[in-house]
Amino acid sequence: MMQLPSFVTQFMDTFAKHGYKIYAVGGTVRGLLMKHEVNDWDFTTSARPEQIQKLFEHHFYNNQFGTVGVPIDVNGNELVFEVTTFRKEGKYSNARHPDEVQWAETIEEDLSRRDFTINALAFDGKELIDPFGGQDDIEKRVVRAVGKPDERFGEDALRLLRAVRQATQLGFMIEEKTHASIVANAQNISRISGERIREELFKILASPHAADGILLLKNTGLLHHILPEVDNAFGVEQKSPHRHHVFDVGTHLVESLRHCPSSEVITRFSTLIHDIGKVQTHRKDPKTHIITFYNHEVVGEKQAEKIADRLRLSKDQKQKLVTLVRHHQFSVSEKQSDKAIRRFVKNVGKEWIQDMLDLRTGDRLGSGAKETSWRTELFKKRLVEVQKKPFTVHDLTITGHDVMEELSMKPGPQIGTILEQLFEEVVEGRVKNEKKALLEQMKMISS
Ligand code: ATP
Ligand code: MG
């Protein structure tokens with residue numbers, strides 16, 4: 001049987017002592033059954049929010065959901081236990097959120113409003129409450145709706161995406177009838193806000209089986225509504241006579257994601273969408289049958305902007321996504337000049353160079369090429385070399401302060417002019433970007 005840590009049983013005892021029922025619930029119990037490390041402790045109780053708050057001096061109350069957060073100290077680390085009063089399914093008029101929260105009297109009622117059998121589980125420390133066969137489904141590794149799937153997805157369309165997200169994270173299948181119901185109700189996902197879609201999508205992208213998650217989105221019809229740009233790429237042919245492309249564009253995108261070595265979610269997202277511009281730019285020469293995608297990265301950049309806005313990415317996330325898509329076609333040719341490589345670094349930005357290379361690794365492996373090539377390795381070495389020289393005056397080893405101090409000057413535009421001159425000298429290779437050398441050079445310039 002499952003063993004709860006003592007900091008959990010102590011917490012639960014506080015409720016029991018006051019005559020309230022309390023259970024660990026949902027994903028927490030699933031995690032315990034699967035012997036995963038539990039980081040999120042969720043509880044459900046017969047106590048009402050006001051009553052919960054009276055039990056603990058320190059708490060946070062989220063009025064919208066009636067959840068009380070209680071900070072717990074575990075060996076010097078703070079965890080927040082989330083406690084929610086038994087609830088029943090409220091009426092939904094918009095397939096988004098219930099019109100009002102209604103309290104329930106029993107744990108069974110509370111479990112029956114939950115989305116999937118593997119989440120409709122509660123544990124009081126001794127007994128597992130499992131009215132819908134959740135434990136069995138965990139063993140079978142399936143995500144199955146509680147009750148009638150059409151009704152459950154009709155109440156809350158976010159569940160459509162939660163099913164795919166949880167199946168992806170857990171490496172489970174979606175049970176047949178539940179799957180069929182997602183297909184039938186897929187278009188309702190468009191009623192869900194961009195933020196909430198992004199949250200689920202990013203959890204899919206961040207999981208180790210992300211590529212399979214995207215295929216599941218495609219096969220359920222959800223991809224068509226949340227990322228039509230990627231969905232439309234399936235079936236777009238890439239193979240020209242005597243060229244290496246083996247996959248259609250959509251499959252290539254998914255395979256690139258599968259092989260992307262980065263765990264950073266925007267890098268992975270960029271890898272998934274990097275070639276979406278190929279759908280619109282696809283041309284096939286009627287005589288030679290050669291396929292081209294001129295400027296697909298420019299078209300893709302525009303599409304990436306729209307996707308970022310639609311899914312409400314932050315400003316930084318958007319900039320990174322758009323930049324990586326725009327510049328993914330970079331050349332690693334050994335014939336290009338240092339100047340060209342410096343332009344590449346400037347365009348992409350120093351902090352995203354590694355992400356850009358990770359996208360390229362995914363791109364290569366996702367089209368059946370080797371992980372790297374001697375050209376790519378040489379290019380990486382040259383990237384390191386060109387970055388030893390400064391890109392702007394801010395990369396110099398001396399600052400405006402040094403200039404003012406050494407030359408006893410007051411703040412003003414002359415300081416910038418001197419720094420600019422020094423920067424030029426360094427870029428041209430006439431002086432090293434070292435403090436001592438720069439200070440000497442500075443005295444020469446200004447004398
Ligand atoms: P994880 O935290 O690992 O992502 P989880 O199952 O704990 O997974 P949460 O989003 O934290 O998922 O939700 C906690 C519990 O609340 C779920 O296990 C489920 O029982 C219930 N739940 C969450 N969202 C919904 C929903 N849209 N419809 C019905 N029940 C839900
Ligand atoms: Mg959780």
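Biologist: Why is N185 called buried in this predicted model?

Modeller: The relative accessibility of N185 is 14%. A residue counts as buried under 20%, and N185 is therefore classed as buried.

Biologist: Where is N185 found, and which residues does N185 touch beyond those up to four places away in sequence?

Modeller: N185 belongs to helix α8, which comprises residues 176–185. Leaving aside residues up to four places away in sequence, N185 touches D150, F153 and L160.

Biologist: What makes the pair formed by S181 and N185 a polar contact?

Modeller: A polar atom in the side chain of N185 lies 2.7 Å from the backbone oxygen of S181. The limit for such a pair is 3.5 Å, so the 2.7 Å distance meets the cut-off.

Biologist: Turning to helix α1, how do you know that its span agrees with the expected value?

Modeller: Helix α1 covers residues 6–17, which makes twelve residues. At 1.5 Å a residue, α1 should span 16 Å. The end C-alpha atoms of α1 are 16 Å apart, so the two values agree.

Biologist: Which residues of α1 are buried, and what puts them on the same side?

Modeller: The buried residues in α1 are V8, F11, M12, T14 and F15. They cover an arc of only 140° around the axis, and therefore lie on the same side of α1. The face turned away from that buried side carries Q10 and K17, which are exposed.

Biologist: Against which elements do the buried residues of α1 pack, and which residue follows α1?

Modeller: The buried residues of α1 pack against several elements, including β1 (22–25), β2 (42–45), α3 (49–55) and β4 (67–74). Also among them are β5 (77–85) and β8 (122–123). G19 follows α1, and its phi is positive, near 85°.

Biologist: How many residues surround ligand 1, and which are the closest?

Modeller: Ligand 1 is surrounded by 14 residues, and the closest are R30, D156, R159, R162 and R165.

Biologist: What makes the pairs that ligand 1 forms with D156, Q166 and G27 polar contacts?

Modeller: A nitrogen atom of ligand 1 is 2.8 Å from an N or O atom in the side chain of D156. An oxygen atom of ligand 1 lies 3.0 Å from a polar side-chain atom of Q166. An oxygen atom of ligand 1 is also 3.2 Å from a polar backbone atom of G27. The cut-off is 3.5 Å between N or O atoms, and these pairs therefore count as polar contacts.

Technical notes: Residues numbered from 1 in each chain as written. Chains lettered and ligands numbered in written order. Predicted model: local features only at pLDDT ≥ 70, side-chain atom pairs only at ≥ 80, totals over all residues. Heavy atoms only, no water. Helix = DSSP H or I, 4+ residues; strand = E, 2+ residues; numbered from the N terminus. Buried < 20%, exposed > 50% of the residue type's maximum accessible area, 1.4 Å probe, protein only. Contact = heavy atoms within 4.5 Å. Polar contact = N/O pair within 3.5 Å; in protein donor to acceptor, adjacent residues only side chain to side chain. Expected span 1.5 Å × (residues − 1). Arc of directions from axis to C-beta. Near = heavy atom within 4 Å.
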